[in-house]
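Welcome! Here is a short tour of the aromatic side chains in this structure, from the surface to the interior. Take a look at the model first.

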Amino acid sequence: MSYPPIRYHDEQGRHSGVLRPGDLPPDLRIGEKGTRVHYLGTGGTTNGAFGLYRWEMGPGPSGPDPHFHRTMTESFYVLDGEIRLFNGDTWATGRPGDFLFVPEGGVHAFRNESGEPASMLILFTPGAPREAYFEELADIATTGRRLTPEEWTELYLRHDQYMV
(Lines give C-alpha, C1' and ligand atoms only; values in the text may rest on other atoms or scores of the structure.)
Protein backbone atom coordinates (compact mmCIF):
# COMPACT_ATOMS: atom_id res chain seq x y z
CA MET A 1 0.00 0.00 0.00
CA SER A 2 1.26 3.48 -0.81
CA TYR A 3 0.33 6.98 0.21
CA PRO A 4 -2.57 8.55 -1.69
CA PRO A 5 -1.92 11.24 -4.30
CA ILE A 6 -0.73 14.60 -2.97
CA ARG A 7 -3.64 16.92 -2.20
CA TYR A 8 -1.68 19.90 -0.88
CA HIS A 9 1.04 21.31 -3.11
CA ASP A 10 2.43 24.41 -1.35
CA GLU A 11 5.97 24.20 0.02
CA GLN A 12 5.03 25.47 3.49
CA GLY A 13 2.38 24.11 5.81
CA ARG A 14 -0.53 26.30 6.79
CA HIS A 15 -2.27 27.03 10.07
CA SER A 16 -5.72 25.64 9.33
CA GLY A 17 -6.81 23.24 12.05
CA VAL A 18 -10.33 23.66 13.38
CA LEU A 19 -11.19 22.83 17.00
CA ARG A 20 -14.74 21.83 17.84
CA PRO A 21 -15.24 22.04 21.62
CA GLY A 22 -16.67 18.87 23.13
CA ASP A 23 -19.27 20.71 25.21
CA LEU A 24 -21.23 22.08 22.25
CA PRO A 25 -24.88 21.00 22.16
CA PRO A 26 -25.89 18.37 19.60
CA ASP A 27 -26.40 19.55 16.04
CA LEU A 28 -29.48 17.38 15.63
CA ARG A 29 -32.05 15.50 17.69
CA ILE A 30 -33.95 12.57 16.22
CA GLY A 31 -37.15 12.16 18.19
CA GLU A 32 -38.03 13.96 21.43
CA LYS A 33 -36.01 11.80 23.80
CA GLY A 34 -34.07 9.78 21.28
CA THR A 35 -30.83 10.16 19.41
CA ARG A 36 -28.60 13.22 19.59
CA VAL A 37 -26.11 13.70 16.75
CA HIS A 38 -22.96 15.82 16.88
CA TYR A 39 -21.45 16.77 13.51
CA LEU A 40 -17.79 16.52 14.47
CA GLY A 41 -16.34 16.63 10.95
CA THR A 42 -18.63 16.63 7.94
CA GLY A 43 -17.64 15.93 4.36
CA GLY A 44 -18.13 19.66 3.78
CA THR A 45 -15.71 20.66 6.55
CA THR A 46 -13.09 17.97 5.74
CA ASN A 47 -12.91 18.67 2.01
CA GLY A 48 -14.62 15.36 1.36
CA ALA A 49 -12.03 13.29 3.23
CA PHE A 50 -14.42 11.85 5.85
CA GLY A 51 -17.53 12.42 7.93
CA LEU A 52 -17.31 11.87 11.68
CA TYR A 53 -20.34 11.96 13.97
CA ARG A 54 -20.91 11.35 17.68
CA TRP A 55 -24.14 9.34 17.90
CA GLU A 56 -25.79 9.41 21.34
CA MET A 57 -28.80 7.12 21.70
CA GLY A 58 -31.40 7.30 24.42
CA PRO A 59 -32.51 4.22 26.37
CA GLY A 60 -35.29 3.29 23.94
CA PRO A 61 -34.66 0.81 21.12
CA SER A 62 -33.24 2.53 18.06
CA GLY A 63 -31.06 1.95 15.01
CA PRO A 64 -31.36 1.09 11.33
CA ASP A 65 -32.19 -2.27 9.79
CA PRO A 66 -29.43 -4.12 7.88
CA HIS A 67 -28.28 -2.18 4.84
CA PHE A 68 -25.19 -1.38 2.76
CA HIS A 69 -23.60 1.57 0.96
CA ARG A 70 -22.10 1.57 -2.53
CA THR A 71 -20.03 4.77 -2.25
CA MET A 72 -18.52 4.78 1.24
CA THR A 73 -17.18 2.79 4.14
CA GLU A 74 -18.67 3.07 7.59
CA SER A 75 -16.95 2.50 10.92
CA PHE A 76 -18.30 2.37 14.46
CA TYR A 77 -16.41 2.97 17.72
CA VAL A 78 -18.39 2.41 20.92
CA LEU A 79 -17.84 5.14 23.53
CA ASP A 80 -20.40 4.34 26.25
CA GLY A 81 -23.00 1.69 27.01
CA GLU A 82 -23.79 -1.35 24.90
CA ILE A 83 -24.65 -1.22 21.21
CA ARG A 84 -25.64 -4.24 19.12
CA LEU A 85 -23.47 -4.29 15.99
CA PHE A 86 -24.24 -6.39 12.90
CA ASN A 87 -21.32 -7.25 10.59
CA GLY A 88 -23.45 -8.88 7.89
CA ASP A 89 -23.21 -12.34 9.45
CA THR A 90 -23.80 -12.03 13.18
CA TRP A 91 -24.91 -9.57 15.84
CA ALA A 92 -22.46 -8.83 18.66
CA THR A 93 -22.75 -6.62 21.73
CA GLY A 94 -20.33 -3.73 21.32
CA ARG A 95 -18.93 -2.21 24.51
CA PRO A 96 -16.67 0.81 25.09
CA GLY A 97 -13.55 0.46 22.97
CA ASP A 98 -15.07 -1.98 20.46
CA PHE A 99 -14.68 -1.07 16.78
CA LEU A 100 -16.42 -2.29 13.63
CA PHE A 101 -15.22 -1.41 10.11
CA VAL A 102 -17.57 -2.01 7.16
CA PRO A 103 -16.19 -1.66 3.60
CA GLU A 104 -18.26 -0.49 0.64
CA GLY A 105 -20.98 -3.06 -0.03
CA GLY A 106 -20.73 -4.56 3.46
CA VAL A 107 -24.08 -5.32 5.06
CA HIS A 108 -24.31 -3.84 8.55
CA ALA A 109 -26.65 -2.40 11.19
CA PHE A 110 -26.62 -1.18 14.76
CA ARG A 111 -29.17 -1.02 17.56
CA ASN A 112 -29.42 0.11 21.13
CA GLU A 113 -31.49 -2.59 22.81
CA SER A 114 -29.93 -2.27 26.26
CA GLY A 115 -32.57 -0.06 27.88
CA GLU A 116 -29.78 2.36 28.81
CA PRO A 117 -28.23 5.31 26.93
CA ALA A 118 -25.32 4.45 24.66
CA SER A 119 -22.98 6.43 22.40
CA MET A 120 -20.52 5.82 19.60
CA LEU A 121 -18.53 7.51 16.88
CA ILE A 122 -19.59 6.85 13.29
CA LEU A 123 -17.02 7.48 10.55
CA PHE A 124 -17.83 7.59 6.82
CA THR A 125 -15.07 7.63 4.18
CA PRO A 126 -15.06 9.48 1.96
CA GLY A 127 -17.10 12.29 3.48
CA ALA A 128 -20.58 11.91 1.99
CA PRO A 129 -23.31 14.46 2.85
CA ARG A 130 -24.91 12.27 5.54
CA GLU A 131 -26.28 15.30 7.40
CA ALA A 132 -29.11 15.62 4.84
CA TYR A 133 -30.12 12.01 5.52
CA PHE A 134 -29.95 12.43 9.30
CA GLU A 135 -31.95 15.67 9.12
CA GLU A 136 -34.62 14.05 6.98
CA LEU A 137 -34.95 11.22 9.52
CA ALA A 138 -35.23 13.79 12.31
CA ASP A 139 -37.95 15.66 10.42
CA ILE A 140 -39.91 12.44 9.90
CA ALA A 141 -39.61 11.53 13.61
CA THR A 142 -40.47 15.04 14.81
CA THR A 143 -43.48 15.61 12.58
CA GLY A 144 -44.83 12.06 12.81
CA ARG A 145 -44.99 11.97 9.04
CA ARG A 146 -45.77 8.49 7.66
CA LEU A 147 -43.91 7.36 4.55
CA THR A 148 -45.11 4.72 2.14
CA PRO A 149 -42.73 1.83 1.39
CA GLU A 150 -42.01 3.50 -1.97
CA GLU A 151 -41.16 6.80 -0.26
CA TRP A 152 -38.82 5.02 2.17
CA THR A 153 -37.10 3.29 -0.77
CA GLU A 154 -36.67 6.62 -2.59
CA LEU A 155 -35.27 8.28 0.54
CA TYR A 156 -32.77 5.45 1.08
CA LEU A 157 -31.63 5.40 -2.56
CA ARG A 158 -31.13 9.17 -2.55
CA HIS A 159 -28.72 8.70 0.36
CA ASP A 160 -26.78 5.60 -0.83
CA GLN A 161 -28.55 3.28 1.59
CA TYR A 162 -29.63 -0.08 0.20
CA MET A 163 -31.82 -2.12 2.52
CA VAL A 164 -31.46 -5.93 2.58
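Tyr77, Phe99 and Phe101 make a nonpolar surface patch of about 330 Å². This is a predicted model, so please read all values here as computed from it. Of the patch members, Tyr77 belongs to strand β5 (residues 73-80). Is Tyr77 buried or partly exposed? With a relative accessibility of 35%, Tyr77 counts as partly exposed, because that class covers values between 20% and 50%.

Now for the ring pairs. How many aromatic pairs does a search of the whole structure find? The search gives 11. One pair is formed by Phe124 and Phe134, with ring centres 6.5 Å apart and planes at 45 degrees, so this pair is tilted. Phe124 is part of strand β10 (residues 118-125), while Phe134 is part of helix α1 (residues 130-143); the pair therefore ties together parts that are 10 residues apart in sequence.

Both partners of this pair can be set side by side:

| Residue | Relative accessible area | Class |
|---|---|---|
| Phe124 | 2% | buried |
| Phe134 | 4% | buried |

Phe124 and Phe134 also belong to a wider group: ring pairs link them into a cluster with Tyr39, Tyr53, Trp55, Phe76, Phe110 and Tyr133.

One more aromatic ring deserves a visit, this time for its charged partner. Which residue lies over the face of Tyr162? That residue is Arg70, at 4.4 Å from the ring centre.

Technical notes
Residues are numbered from 1 along each chain as its sequence is written. This is a predicted model: local features need pLDDT of at least 70, side-chain atom pairs count only at pLDDT 80 or more; totals for chains, interfaces and linings use all residues. Side-chain values use heavy atoms; hydrogens and water are left out. Rings of Phe, Tyr and Trp (its six-membered ring) pair if their centres lie within 6.5 Å; planes under 30 degrees apart count as stacked, over 60 as edge-to-face and the rest as tilted. Helices (H or I, at least four residues) and strands (E, at least two) are DSSP runs, numbered from the N terminus. Buried means under 20% relative accessible area, exposed over 50%, partly exposed in between (1.4 Å probe, protein chains only). A charge sits over a ring if NZ of Lys or CZ of Arg is within 6 Å of the ring centre and within 35 degrees of the ring normal. Patches are made of residues with over 30% relative accessible area and no salt bridge: like charges are joined within 9 Å, nonpolar side chains (Val, Leu, Ile, Met, Phe, Trp, Tyr) within 5 Å. Accessible areas come from the Shrake-Rupley method with a 1.4 Å probe; for residues, only the protein chains shown count as cover. A salt bridge is a side-chain nitrogen of Lys or Arg within 4 Å of a carboxyl oxygen of Asp or Glu.
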